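Visitor: Please show me the structure. I have some questions about its strands, its helices and the place where its chains touch.

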Amino acid sequence: MRDLFRFLFRQRNNLLFLALMGVSVSLLINGNMHQRAQAISSSNAVIGQIYAWRNEVNEFTDLRAVNRQLAMALAAERNRRHTLPQQDTVQTIADSARRYSFITAQVINSTTHKERNYITLGSGSLAGIAPDMGVIGMGGLVGIVRDVSPHFALVTSILGNEFRTSVQLKRTGHFGLLGWDTSDPRTASLIDVANHVPVALGDTVVTRGNDGVFPPGVPVGVVIAVNNDPGSNFHDIRVRLGEDLTRTAYVHVVADLLKAERDSLEAMPALP
Amino acid sequence: MINTVRNHVLSFLLLVLLQAVVLDHLDLANGWVVPYLYVLFLISLPFDTPPWATLVLGFVLGMAMDFFSSTPGMHASACVVMAYARLWMLRILAPRDGYDYTRRPVVQHMGLTWYMTYAGVLVLLHHLWLFFVEVYRFDDFLSTFLRSLMSATATLILCLLAQALTSRESRPR
């Protein structure tokens, strides 16, 4: 027994190393597996406040670009209201107006050059933001809310090597998956589009909207390159993202008003 | 003693804030160079820091960074690896008659060759761990390796710069 204690005492640093390593590696694995069950994130109140201060300083340097974005968004909205819409468009807009509500939030911190990027928003659960809501910018997709605190929200950016979302080619109607494996914050990849689909440069990519996160038809980007690997049955498509995530300052968080209803329906056990 | 502790607490806070507020947002060479200067805190702990304290401080430092970058365990594990490696490096690089505890592991006290070997190995180890955990796969081995190498170089240059800027208070006593 005494030998055991002496051994443990001699090895105390190695044991401490193993213990700390065990804790951090288990955090690492849990954090990646169950993204919901974790408190270590920048939606934490103290960290959020520090990022909010940082953003107050940075805001001044970005005012010009933000002004231009807002002016362009306003112009687009005016255009939409003043052109006579066709019957079915009215239907869709009225339909989506009832189904989705949009919460405006300010981006207070974001990175774009890491393997997985996160965005911190300056609004949280008090503004109605909840996990799993979609986030869209003035030009297109931004990400999905992962964590919220009363005043802040943490968003998984679409610039991440594990992000996948279902999208659609607007012209042909074919579905595909959008992923980010280009390590360039301005472009992303579109995969799982079969070889027979006639993809052309300049085709618009929009969200499919079947996941209860994003509404259908939100612009994502434009096809800028199509590579055909002879050994593969699928196109390898590069998309230029509509949203410049390196400059995003304001975003809309999408609340799907029918999500609870849909989830409870889908969660019903299948009867034999 | 109290002074040393206060200085290290201050440098801890300063380095973590500097990393989170400024350095994490630098976009150098399209994401190929991301300096992680905050590890300078671990590198410049005094020679007579007890081993358990080095390990615990490494863990705490990593967790602080994890809170800022929303990456549970990533920085913490990298820093614990680095703290453990520091114990070995100090043993390997020890002068024949032991360390002079009035000196600290900075360039001005230990000379450039000693410092670059010591800090270079630690920083490279930390960055390799960090970047490979961040990517979470081995298929782009070469590009991840190059990224760590380039970022480690940038971190070392920043370490030297930071020490040159604060050198007045760190002459040998």
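The questions and answers below go through the strands, then the chain contact, then a helix pair.

Guide: This is a predicted model; local features need pLDDT of at least 70, side-chain atom pairs count only at pLDDT 80 or more, and totals for chains, interfaces and linings use all residues. Residues are numbered from 1 along each chain as its sequence is written, and chains are lettered from A and ligands numbered from 1 in the order in which they are written.

Visitor: Along strand β11 of chain A, which side chains point to one face and are buried?

Guide: Strands are DSSP runs of E, at least two residues, and helices are runs of H or I, at least four, numbered from the N terminus. Buried means that 20 or more other C-beta atoms, placed from the backbone, lie within 10 Å of the residue's own (exposed: 12 or fewer; partly exposed: in between). In β11(A), residues 236–241, the side chains alternate, and Asp236(A), Arg238(A) and Arg240(A) point to the other face and are not buried. The buried face has Ile237(A), Val239(A) and Leu241(A).

Visitor: What is the bridge partner of Gly221(A) in β11(A)?

Guide: Two strands pair if DSSP finds at least two bridges between them. Strand β10(A), residues 219–227, pairs with β11(A) in the antiparallel sense over 6 bridges. The partner of Gly221(A) there is Leu241(A).

Visitor: What is the bridge partner of Leu190(A) in β11(A)?

Guide: Strand β8(A), residues 187–191, runs antiparallel to β11(A), joined by 4 bridges. In β11(A), Leu190(A) is bridged to Ile237(A).

Visitor: How many strands form the closed barrel of chain A?

Guide: The order is β1-β2-β5-β4-β3-β12, with antiparallel pairing. β1(A) and β2(A), for example, share 3 bridges. The count of strands in the barrel is 6.

Visitor: Which element gives the most to the side of chain B that touches chain A?

Guide: Contact means C-beta atoms, placed from the backbone, within 7 Å. By that test, 27 residues of chain B meet 27 residues of chain A. Elements giving two or more residues to this side of chain B are α3, α4 and α6. With 8 residues, the top contributor is α3(B).

Visitor: Why is α6(B) called oblique to α7(B)?

Guide: Angles run from 0 to 180 degrees between N-to-C directions of axes, which are lines fitted to C-alpha atoms, for helices over the stretch in contact. Under 35 degrees is roughly parallel, over 145 roughly antiparallel, 65 to 115 roughly perpendicular, and the rest oblique. The axes of α6(B) and α7(B) come within 9 Å and cross at roughly 135 degrees. Because of that crossing, the pair is oblique.

Key. Two residues are in contact if their C-beta atoms, placed from the backbone, lie within 7 Å.
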